[in-house]
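Please load the model in the viewer and keep the selection panel at hand. The tour proceeds by successive selections, each followed by a description of what is found there.

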Amino acid sequence: MALYSEKVMDHFRNPRNVGVIEDADGVGEVGNAKCGDIMTMYLKIRDERIEDVKFETFGCGSAIASSSMATELIKGRPVSEALQLTNKAVAEALDGLPAYKMHCSVLAEEAIKAALKDYYDKNGIEYDHSVLPDNLGCEECEVD
Amino acid sequence: MDKIMYLYADNAATTRMSRTAIDAMLPYMEEIYGNPSSLYTIGQRAKEALEDARARVAACLGANPSEIIFTSGGSEADNQAIYSAAYTGAKKGKKHIVSTAFEHHAVLHSLKKLEREGFEVTYLDVHEDGLVRLEELKEALREDTALVTVMFANNEIGTVQPIREIGALCRERKIPFHTDAVQAIGHVPVNVVDDNIDMLSLSAHKFHGPKGIGVLFVKRGVRVLNLIEGGAQERGKRAGTENLAAIMGMTAAMEEACAKLEENSRTVTALRERLIDGLLTIPHSALNGSREKRLPGNVNFIFEGIEGESLLLLLDDRGISASSGSACTSGSLDPSHVLLAIGRPHEIAHGSLRLTIDESFTEEAIDYIVENVKEVVTYLRGMSPVWRDLVSGKKQFQL
């Protein structure tokens, strides 16, 4: 289907790292069912590295593909690197997304940040609030 | 299931052209290509064909040939009907229109434009079953009502309105009545006289005819204004050289659909019922709109906990072409206005699936669809945080 790149379709059809981590160190959920997208990220962190990551997504093809790609980009990486992940990097790794689907990659970035924030909060670790603001993923879509 | 079937289940979007329709078009591209407005033989032969087509289309609808205006399709016909009635009414100080909340955008956007120009529009509630209530229509009619426009059958959920009764009510009150019958023609019986219709829009490609051609029926005595100015074609009501090949294809397709209407309707309705029964076995799902008062080929479901676009993409992988009222399939963030109009909450409206079948389907094809929808819905629910919250009891099931 020409709507999406082959990479998006591959990650949509065969999403990597789907599931739940029961004893996760950090969990982040962003999005809004009203808008049609919700992502949940589960992180297992050891020695400041993303030892494991899993996701669940309610959403369109690009939302599922963006979550899948985002988990691949941070799995096994240091937390400091995961913090730097941008939605642009997710979209580029997918060989691009249609303009009106870019918000899916934003959700993926924010889901990871929300999970990292949860990890820091749970463990009383100080962090830069400008990088991890309190209102992550709370952006409301425009619905009547 | 290991064998893939290729099933086009989006006949409300458009249909495959019938052989009859294609064959009816070819002579008007290859041989009789003259301009019907020209006076030499090849032009006059085209003119004869045009008028023959007009008479045949009129006969299918129960109309007079002089009441048929060929247009580029349903949207143009809707626009012309609505603006004509609105501006004609406004001259007499009538600037109120009655419609429904779930019309096609060709109607809704025309009404929105009129609202910006100072018209007032009452949008009738279509209730959970997708049907207007005559009592509510009666209450909405006013002295200054210039037009009532209610679609014959809804394009998304397929519900068929009590058009004859609505028409009778309008006639009693001497208010022009327009119906967008794009989804109805060729699928349910339509007769402009019996159904008390003043204006009707239709489009050929919804009944195995070509795209880009349609009709506006305007009852004699009802005023119609031009959208397109130019030559004197269509009795001066629609300028532009007639798309004769398409008109001939439409005419052939319409005659075929009308002749086979009863037989097709019986076959397709039985298949539709089998499809609905099959999909209802999926837990936390529901049919949208009245089961009885709906088009023979329309099935529209919602499945809690999943999003429609991913459902469509995975069904496409399995050979099934379908559509959804999900926001993600439209490029906007809002799900289908039709599903919202029948009271489905936003979060559930995203998980809708429309399957529109035709007479080419078999029971085997229906069973293939049911099995594949089941598998895909189960798979998507398995990765959905919304579904997880519903199953764990954190959120309440709504279906």
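Which residue of β8(B) stands opposite B:Met199? Select B:Met199 and display its strand neighbours: the residue opposite is B:Val218 in β8(B). The coordinates belong to a predicted model. Confidence in chain B is expressed by a mean pLDDT of 96, with 98% of its residues at 70 or more. For the model as a whole, the scores are ipTM 0.93 and pTM 0.94.

**Strand β7 and its partners**

Next, extend the selection to strand β7 of chain B, residues 199-203. Its pairing with strand β8 (residues 214-218) of chain B is antiparallel and runs over five bridges. Now add strand β6 of chain B, residues 177-180. Here the pairing with β7(B) is parallel, and it extends over three bridges. Within β7(B), B:Ser201 has B:Asp180 opposite.

Show the side chains of β7(B) and rotate the view. B:Met199, B:Ser201 and B:Ser203 point one way, whereas B:Leu200 and B:Leu202 point the other way. Are the residues of this strand buried or exposed? Five of the five are buried, so β7 of chain B is largely enclosed by the rest of the structure.

**The two domains of chain B**

Colour residues 19-259 of chain B as domain 1 and residues 261-392 as domain 2. The centres of these two domains, taken over C-alpha atoms, are 29 Å apart. To see where the domains meet, select the 22 residues of domain 1 of chain B that are in contact with 19 residues of domain 2 of chain B. On the domain 1 side, the touching residues comprise 11 nonpolar, eight polar and three charged.

**The interface with chain A**

Finally, display chain A beside chain B. How many residues of chain B are in contact with chain A? There are 23, and they meet 23 residues of chain A. Highlight α10 (308-317), α12 (346-349) and α14 (385-392) of chain B, the elements that each give two or more residues to this side. Of these, α10(B) gives the most, with five residues. Colouring the chain B side of the interface by class shows nine nonpolar, seven polar and seven charged residues.

Definitions and conventions: Residues numbered from 1 in each chain as written. Chains lettered and ligands numbered in written order. Predicted model: local features only at pLDDT ≥ 70, side-chain atom pairs only at ≥ 80, totals over all residues. pLDDT = per-residue confidence, 0-100. Contact = placed C-beta atoms within 7 Å. Helix = DSSP H or I, 4+ residues; strand = E, 2+ residues; numbered from the N terminus. Nonpolar A, V, L, I, M, F, W, Y, C, P; charged D, E, K, R; others polar. Domains from an automatic or database assignment. Buried ≥ 20, exposed ≤ 12 C-beta atoms within 10 Å, placed from the backbone. Pairing = 2+ DSSP bridges.
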